[in-house]
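Please find below my notes on this model, set out as numbered points for discussion at the bench.

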Amino acid sequence: MQFMLLFSRQGKLRLQKWYVPLSDKEKKKITRELVQTVLARKPKMCSFLEWRDLKIVYKRYASLYFCCAIEDQDNELITLEIIHRYVELLDKYFGSVCELDIIFNFEKAYFILDEFLLGGEAQETSKKNVLKAIEQADLLQEVSTEVYYHHCKATAIGVHHRVFGLSL
Amino acid sequence: MALKIVKGSIDRMFDKNLQDLVRGIRNHKEDEAKYISTCIDEIKQELKQDNIAVKANAVCKLTYLQMLGYDVSWAAFNIVEVMSSSKFTYKRIGYLAASQCFHEGTDVIMLTTNQIRKDLSSPHQYDTGVALTGLSCFVTPDLARDLANDIMTLMSHTKPYIRKKAVLIMYKVFLKYPESLRPAFPRLKEKLEDPDPGVQSAAVNVICELARRNPKNYLSLAPLFFKLMTSSTNNWVLIKIIKLFGALTPLEPRLGKKLIEPLTNLIHSTSAMSLLYECVNTVIAVLISLSSGMPNHSASIQLCVQKLRILIEDSDQNLKYLGLLAMSKILKTHPKSVQSHKDLILQCLDDKDESIRLRALDLLYGMVSKKNLMEIVKKLMLHVDKAEGTTYRDELLTKIIDICSQSNYQYITNFEWYISILVELTRLEGTRHGHLIASQMLDVAIRVKAIRGFAVAQMATLLDNAHLLTGNTQRNGICEVLYAAAWICGEFSEHLEDPMQTLEAMLRPKVATLPGHIQAVYVQNAAKLFATVLRKHEGETDSHAAQETSQLLIDRLPLFVQSANLEVQERASCILQLVKYIQKLQQKKVEVAEEVTALFAGELNPVAPKAQKKVPVPEGLDLDAWINKPPSESESEDEKPKAVFAKEEPKHSRSRHTEVDEKELARRREARKREQANNPFYIKASPSSQKVYDAPGVEHIPVVQIDLSVPLKVPGMPMSDQYLKLEEERRQKEKAERKKEKKKKREKRGKERKADSGPESEEDIAPAHQVDIVTEEMPENALPSDDDDKDPNDPHKALDIDLDKPLADSEKLPVRTHRPEVLKSPAEDRVNESIPQETKKRSGKEKKEKKKGKEKDRKRSKEEKKKKKHKEVEEELLESHPEEAVQSEETKEAATPPTSTSAEEETAPSSAAAVDTSSAAAPESEPDEPKDAEPEDTKSSKHKKKKQKKEKEEKEKKKKKRHHHHHHHSNAGGEDSVQNGTVEEEEPLPPMSNYFLLAENSYIKMMKEDADQVYDIQGNHQDESKVVVSVIFENKSDSFLKSMEFNVLDSLNSKLQRPEGAGAHDSLTVPFQLPPGISNEAHFVFSVQSIVMPQKLKGTLTFIVKSDESSTHEKLDFKLHFTCTSYLITTPCYL
């Protein structure tokens, strides 16, 4: 996998992870182009598109688009599986995750991603193991920051969009 | 200190944390930029504080801002500070920030090396984990070089959590620092069998990624992966392995054969679509690689196609898309099996998802045949009418043209139909592809001579209705077809029924609104038409018509003379003057037609697209040299008009020259005319007929309202559909005729033509016209082309490294700490690389070898005879120094000195054969003690050695057998291909030379045979195991080498076996002497305590160099490497 982007329906980038070295300028350009292309697609269209010499695999969960770039020979379906797995992990970790969780705890979202993928390859296919690693690492964190998370999550903004309905 | 902490936490209470920042940004939607710039100012303040917590908080906020697109590179150093915090909380944030913000150009990365190294070796696994994760994002070549060894050590960490991360990150390290691949590879390979499934899958991942890029270096791992594939149940791992096999099979078709079965089993059994898809893809890849060699895999193809059909029929758009994608791969090699699913593919054209429709279109391209082309194109034309978006419609248009024009119009049986299709396509509003249609029209009209009459008539109609095409704007791309129409009418004007009318149409004032380059063609071709008209009317008594034509030109051309376009203006004024002159001549009743026609005489032939490139450069001509001084850079290029034509020349594969004799042609023409006359649907292209377009959007044309219950046929305009019917009828008729003929023939010839009675095949469809497609011209002496190359910038290219070569000392990774382990290349597998050149080189040798092998028997009994026949070096040795070399059977076994490394494989089996026969023939003579060589050799070791020898002999005999077959294969190719079919399966690839350099100086070269051939383990693991090392000594000097003594410094684990009574440090005498240029082989036995310990033994060879004048004593040091893997006995693994 070359990179993974999370962006909202409004085209706002929520998370980016690049597994290939690119300059900031190039990253921005790619992001802009892809967000536009993916958002322009109709909802009933298939999740794959060819873009430059890469294949883009994307999936929409509620208001968030998860978008991965893979190489020509890579397996599209397993990439979809990776995306889904990541969403499941987020869901388990945050407890029915919503976009706001990712916005306010974006570093947590990264930590989870980093436990799941490394250098663009799936490093741990067991959900349980990923969560265990994250939880143990979290235990090492200072307690004070933990308090913040819970505080923030509760007060984030009146309405909670619990729309990540994971129909597995 | 305590105060500081308190102060810190108080500070933090007033600082914004990340959540505050996010909330703030959301609350300042109007002036976001301003808000953020104040935040950045705050962050800068926070970064100046000593408190690491504050700094970490600031860095965390920066990471968020970086995602929003703000530049945070100025804080790189602060990020490093946070990374180096001892607290995991901050370290984690620091590494996250680094992985998001750092890239190769970030200079502070240099500062992180030691910090990262410290973190990697941290006792806390999460510190190490975080460092590894971060490193995977920002590793640079420098970091990779400095840390490669540390990471490699981590691959053997006790915790699987670290191991799997270390394994995965190695791939990034390899990419940045390719030199690390060879030293690290053995350990990576070990990880394939790690007890932890996560680590194992990580290793599979990495090796698969490596192998996909440079598959040939990983062929030797095929048996291992095959085992993994059949044993693993983890779909993630399976997918990777199967993908890897997909990359390997093109290099090793025999592997493919073995794969088919397990893959088909998986296809049947798996419920995971991703795995199924991967299997199908790999099966396809296998079948593609086998397609040349193996005749029948129809069952597997059928299975794949069936499974894909299920995917395509699925309601899930994703599966549908992938099904079509995979189907297109099958199509390339097995078009027939896909063609039967035409209905399904055509159905997909109706799908609401455009990407699926496009995939289906791609497939159709490969599915057409002579039989179904018209039908498929008809369907596509319907879709063209229905299509809403211009992009998709344009895509359809180009696909139609692609489909029809592919392989030099191979599938078109009726070019009238094709021209009609092209004309119908011109009705598309707003397409960008006018020039594409135009170039097709030109190409067909030029290259298919038989169609010119028809084409010209159609083009004349187009020109007459030009106003419909030009429509509203000049930007309308479709008016490009007028370019083609005008040119065709002009160039082939002899076919025009009424050139005068066309001429009139071409000189209408409206033409002046067309783009310049089209006007230019109009003007030029008007002149050609003029010439034709003149010639037509020449000889008539009444010259009125001709003069009228001149007058028409003189009246209309001034409009073009005023054109703003230079090209148009120039041509127009030229021609105007010419016509004026002709008019004068006409008034004097001078015959001018002949001369005017001469202006445009000559046939135009198409030129191949590559022709220009193929013109050989004359000797002494430097095309790169400047003729004049190079222009200054500021000079801007003139804006050239877009080259309209000669771009889409169809790809030309082979031309079809069908020769038919004149009688046959005439007969068919007659038949067709009759048919046409009787066919109410056939429309004669007469210029007088009424021309009406039914193109949409042309409301200004007065249309008489007629109430018709019958669909209106527009006369004058070709309707491609009618050709479909016509074609059907024609084919029916032809079929019937053929049947009749066949009957007759059959009556005559009896059973001779039985095979022909099958269903109508491709070839049976005769084209409607006998078409001579003019081939594209190429220059003489065209050079053969070979111009595809790999992208030199591909980072994976650097990883194209031979992994089976043993590791040289210089290759070791820079090590900081002491590491006792020595890495050496693992045992070479039998299924090794195939090196075509080597095989070729060998086949010649093998031929000799074979001969030699047969003759060995005779050689034994009649030593004298063979002298004349064999010139091989070892024989020369035997002959010229019989007293040295032929000491005993024992030494003889060893005394087969190969001449060069590439010859060794060949000599080995022959010597084995020699020994074999000798031991059978004269067993009693065997125990002779060598006279001067190794007299001290102990009985026990000798016995063991012999045993080994025998085993080896057997092995080698086998090998020889295989070589023998191989030889057959390469030399006698076709004759015994049937036999090869079975033999091949058992035959391993020709192994590479197993000898590699041990040590060398100006006198002597020592080569050690590589592991798997030599290190045989005797006895069980509790006892001492014995290992035999074969060493070739080659005399490189001009002097005689003698008294060679071989000694090795024993270790606790490995000891050189010395004769009884000898001391632990005594050296062994090498049992032969070496004349100049000669090489010989000796075996040394080592006893090994433990085979799980790798060893490196230092040794010395001493010898006396004796030349004519003097003799000196010389010494050569060497090192013997025993890796654990080299103790393994490799049994050939046939997949």
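1. Is Lys589(B) buried or exposed? In this predicted model, Lys589(B) is exposed, because its relative accessible area of 60% lies above the 50% cut-off. Lys589(B) sits in the loop between helix H32 (566-587) and helix H33 (593-598) of chain B, and its phi is near 60°, a positive value in a residue other than glycine.

2. Tyr409(B) likewise deserves a look, since phi of Tyr409(B) is near 60°, a positive value in a residue that is not glycine. Its place is in helix H23 (residues 390-409) of chain B, and Tyr409(B) is buried, with a relative accessible area of 0%.

3. As to the overall make-up of chain B, there are 45 helices and nine strands, and of its 1135 residues 52% are buried. Among the contacts in chain B with a separation of 6 or more, 74% are made by residues 24 or more positions apart.

4. On the interface, 60 residues of chain B are in contact with 66 residues of chain A, and the area buried between the two chains is about 5,800 Å², with carbon and sulfur atoms giving 55% of that area. Met67(B), Arg92(B) and Trp236(B) supply 14% of the area that chain B buries against chain A, which is more than any other three residues.

5. Concerning polar features of this interface, seven salt bridges are counted between chain B and chain A, one of them formed by Lys240(B) with Glu121(A), where the closest N and O atoms are 3.0 Å apart. The rule also finds 24 residue pairs in polar contact across the interface, with both residues at pLDDT 80 or more. By class, the side of chain B that touches chain A has 21 nonpolar, 19 polar and 20 charged residues.

6. Turning to the interior, the largest nonpolar core has 299 residues, of which Tyr86(A), Phe102(B) and Phe225(B) touch the most other members. Helix H30 (residues 516-537) of chain B gives the largest share of this core, namely 11 residues. Leaving aside residues up to four places away in sequence, Phe102(B) touches a set of residues including Ile79(B), Met83(B), Val108(B) and Phe138(B). Apart from the largest core lies another, of 31 residues, among them Ile1004(B), Phe1046(B), Leu1056(B) and Leu1101(B). As general background, nonpolar side chains tend to be buried together in soluble globular proteins.

Methods
Residues are numbered from 1 along each chain as its sequence is written. Chains are lettered from A and ligands numbered from 1 in the order in which they are written. This is a predicted model: local features need pLDDT of at least 70, side-chain atom pairs count only at pLDDT 80 or more; totals for chains, interfaces and linings use all residues. Side-chain values use heavy atoms; hydrogens and water are left out. Contact means heavy atoms within 4.5 Å. Buried area is the accessible area (1.4 Å probe) that two parts lose on being put together, summed over both. A salt bridge is a side-chain nitrogen of Lys or Arg within 4 Å of a carboxyl oxygen of Asp or Glu. A polar contact is a pair of N or O atoms within 3.5 Å; within protein, one must be able to donate a hydrogen and the other to accept it, and residues adjacent in sequence count only if both atoms are side-chain atoms. Ala, Val, Leu, Ile, Met, Phe, Trp, Tyr, Cys and Pro count as nonpolar, Asp, Glu, Lys and Arg as charged, and the others, Gly among them, as polar. A nonpolar core is a set of buried Ala, Val, Leu, Ile, Met, Phe, Trp, Tyr and Cys residues joined through side-chain atoms within 4.5 Å. Buried means under 20% relative accessible area, exposed over 50%, partly exposed in between (1.4 Å probe, protein chains only). Helices (H or I, at least four residues) and strands (E, at least two) are DSSP runs, numbered from the N terminus.
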